[in-house]
Amino acid sequence: APAVDLGAALSRRAQSMNASAIREILKVTQRPEVISFAGGLPAPELFPIEEVRAAANTVLDRYGPAALQYSTTEGHPPLREWLAAQAGIPAANVQIMTGSQQGLDLLGKVLIDEGDTVLVEAPTYLGALQSFQPYLPRYVQLPTDDGGIDVEALEEVLKTTPAKLLYAVPNFQNPTGRTLSAERRRRLVELTAQYGVLVIEDDPYGQLRFTGEPAPSLYSLGLEFHGDPDRNHVIYSSSFSKTLVPGLRDAWVQAAAPIMTKLIQAKQGADLHTPTFNQMIVAELVQEVLPRQIERVRQAYGERARFMLERVQADFPPEVAYTIPQGGMFLWLTLPQGVDTAALLPAAVERRVAYVPGSPFYALGGGENTLRLSYTSATPAQIETGIHALGDLLRGAL
Ligand SMILES: Cc1ncc(COP(=O)(O)O)c(CN[C@@H](CCCC(=O)O)C(=O)O)c1O
């Protein structure tokens with residue numbers, strides 16, 4: 001039979017796609033003997049399993065077959081209404097997503113034309129790069145420091161470079177753990193409004209603050225600036241993955257009507273709707289269980305972050321720089337130039353410890369001497385052992 005050249009059949013979009021470093025590493029780190037600081041996985045031992053079991057039963061008792069039937073693309077009304085009330089906006093401006101990863105993919109689909117300039121932090125969340133890549137943007141990297149995006153540099157870029165959108169993770173950024181300061185948030189919202197640049201505020205970690213003072217979301221600053229959710233140039237994306245559980249794949253986007261209309265159409269084409277049963281379960285949990293769970297994980301993650309920082313200070317060579325997060329799941333290491341953290345990973349896994357090499361978090365490459373550590377899914381004992389092993393490895397590599 002004649003062979004068909006299947007590779008040649010792939011679309012240009014498909015040919016531009018690449019694997020997620022995190023997803024690939026997770027396959028390796030599933031081995032029980034490996035202490036993984038790689039995936040931003042919530043602590044499994046803290047999952048509210050009994051509460052989810054009870055909610056599932058309540059949902060089936062209350063809704064019966066409707067809990068297992070097709071439902072609307074926009075999302076389960078009680079869940080949308082609860083989210084809208086939390087944000088102080090109409091439910092029409094809230095769209096449920098199947099994980100905020102789907103939100104990023106559909107926002108890429110409805111906003112990015114080939115060659116559009118997309119401004120991203122250096123480094124930024126590699127999952128966003130993976131979602132945007134198939135729409136063939138032109139990335140421009142924004143420099144960041146301990147206060148997050150350098151808004152002076154942003155202004156310089158905007159003066160010379162027309163940009164379609166800016167993607168930012170202002171709270172406890174993935175991968176650096178940094179937080180955008182309040183005054184820089186105001187400046188960023190003003191500048192992007194002035195130059196007509198849409199902002200995607202990706203905020204799955206906002207509730208996981210364990211120290212310092214909260215700053216207003218870019219979305220709320222945009223609302224203040226425009227006075228109307230349907231004129232807000234800031235799009236907000238968040239998720240129940242880090243505050244409740246990731247496996248139910250429940251998240252949401254807040255956007256102005258012209259964008260929301262297209263997001264819904266894109267979602268119709270993607271998965272029709274987020275699983276009905278999962279949405280109803282989450283809607284059962286948001287009133288009482290969610291606030292308790294947030295307190296629980298904030299406490300636990302704060303302890304684990306402090307412990308990991310203690311161990312890093314004790315066991316790592318002085319040449320290693322690290323960020324000090326105020327919340328979230330990550331801290332970010334910068335090693336001396338010339339160290340290649342991707343090349344070091346196999347030796348780390350041999351010592352039964354894993355991390356995410358930093359280079360995939362840079363849209364335009366670089367960062368070979370950086371790496372990301374997550375402290376949330378390791379117990380204090382595992383943190384002590386894993387950081388000690390990593391310290392030995394890094395000392396040997398310098
Ligand atoms: C800034 C940011 N935006 C969206 C997501 C996706 O979270 P969900 O789809 O809402 O679960 C994430 C989740 N990232 C984690 C989880 C990915 C884990 C995995 O690929 O299994 C990580 O960076 O390790 C994120 O950090």
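User: Helices (H or I, at least four residues) and strands (E, at least two) are DSSP runs, numbered from the N terminus. With that settled, which helices each supply at least two residues of the shell around the ligand?

Analyst: Those are α3 (21-29) and α6 (100-111). Before we go on: this is a predicted model, where local features need pLDDT of at least 70 and side-chain atom pairs count only at pLDDT 80 or more, while totals for chains, interfaces and linings use all residues. Residues are numbered from 1 along each chain as its sequence is written, and side-chain values use heavy atoms, with hydrogens and water left out.

User: Got it. Which helix gives the most to that shell?

Analyst: α3 does, with three residues.

User: And which residues come nearest to the ligand?

Analyst: R23, G40, S100, Y205 and R249, out of 20 around the ligand. To be near, a residue needs a heavy atom within 4 Å.

User: What's the mix of residue types in the shell?

Analyst: Seven are nonpolar, eight polar and five charged. Here Gly goes with the polar ones, and Tyr with the nonpolar.

User: Which side chains put a polar atom close to a ligand oxygen, say at 2.7 Å?

Analyst: N174 has an N or O atom of its side chain 2.7 Å from an oxygen of the ligand, and S241 has a polar side-chain atom 2.7 Å from a ligand oxygen too. S100 also belongs here, with its polar side-chain atom 2.6 Å from an oxygen of the ligand. The cut-off for a polar contact is a pair of N or O atoms within 3.5 Å.

User: How much of the ligand does the protein cover?

Analyst: On its own the ligand has 590 Å² of accessible area, and the protein covers 92% of that. Those areas come from the Shrake-Rupley method with a 1.4 Å probe.

User: Back to N174. What kind of peptide bond joins N174 and P175?

Analyst: A cis one, with omega about 15°. P175 sits in the loop between β6 (165-168) and α9 (182-194).

User: Where's F172, and what's its phi?

Analyst: F172 is in the loop between β6 and α9 as well. Its phi is near 50°, so that's a positive value in a residue that isn't glycine. Most residues other than glycine have a negative phi, and most peptide bonds are trans.

User: Which residue does a cis bond join to A122?

Analyst: P123, with omega about -5°. P123 is placed in the loop between β3 (117-122) and α7 (126-132).

User: New topic: helix packing. How does α6 cross α11?

Analyst: The axes of α6 and α11 (residues 257-270) come within 9 Å and cross at roughly 115°. That makes α6 roughly perpendicular to α11. Axes are lines fitted to C-alpha atoms, and angles run from 0 to 180 degrees between N-to-C directions.

User: What about α4 and α12?

Analyst: α4 (residues 49-63) and α12 (residues 276-285) have axes 9 Å apart and pack at about 115°, which makes α4 roughly perpendicular to α12.

User: And α14 with α15?

Analyst: The axes of α14 (residues 341-350) and α15 (residues 380-397) come within 10 Å and cross at roughly 140°. That makes α14 oblique to α15. The cut-offs: under 35 degrees is roughly parallel, over 145 roughly antiparallel, 65 to 115 roughly perpendicular, and the rest oblique.

Technical notes
A polar contact is a pair of N or O atoms within 3.5 Å; within protein, one must be able to donate a hydrogen and the other to accept it, and residues adjacent in sequence count only if both atoms are side-chain atoms.
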